[in-house]
Amino acid sequence: MNYICTLCGYVYKNAVGDTENGIAPGTDFEDISEDWTCPLCGASKEDFEPTDADELE
């Protein structure tokens, strides 16, 4: 399952992770630290919701 930032549209993909911010590929969104923020706009995890979007960046 991927998660989309409701503020800017950034899609967190479990398979890709967020390596620039120390999140390894394969890391489930639920396993990311609660203080992680959107790499594009700085939104909190609370501003993300599940999505089926695979192609959005």
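Contact, as used in these exercises, means that heavy atoms lie within 4.5 Å. The structure is a predicted model, in which local features need pLDDT of at least 70 and side-chain atom pairs count only at pLDDT 80 or more, while totals for chains, interfaces and linings use all residues. Residues are numbered from 1 along each chain as its sequence is written, and side-chain values use heavy atoms, with hydrogens and water left out.

**Exercise 1.** Find which residues Ile-23 touches, not counting residues up to four places away in sequence, and place Ile-23 in the largest nonpolar core.

*Solution.* Step one: with those sequence neighbours set aside, Ile-23 touches Tyr-12, Gly-17, Asp-18, Ile-32 and Trp-36. Step two: a nonpolar core is a set of buried Ala, Val, Leu, Ile, Met, Phe, Trp, Tyr and Cys residues joined through side-chain atoms within 4.5 Å, where buried means under 20% relative accessible area, exposed over 50%, and partly exposed in between (1.4 Å probe, protein chains only). Step three: the largest such core has 11 residues, among them Ile-23, Tyr-12, Ile-32 and Trp-36.

**Exercise 2.** Determine how many salt bridges a search of the whole structure finds, and say whether Glu-34 is buried or exposed.

*Solution.* Step one: a salt bridge needs a side-chain nitrogen of Lys or Arg within 4 Å of a carboxyl oxygen of Asp or Glu, and the search finds 1. Step two: Glu-34 forms a salt bridge with Lys-45, their closest N and O atoms being 3.5 Å apart. Step three: Glu-34 counts as exposed because its relative accessibility is 61%, whereas Lys-45, at 9%, counts as buried.
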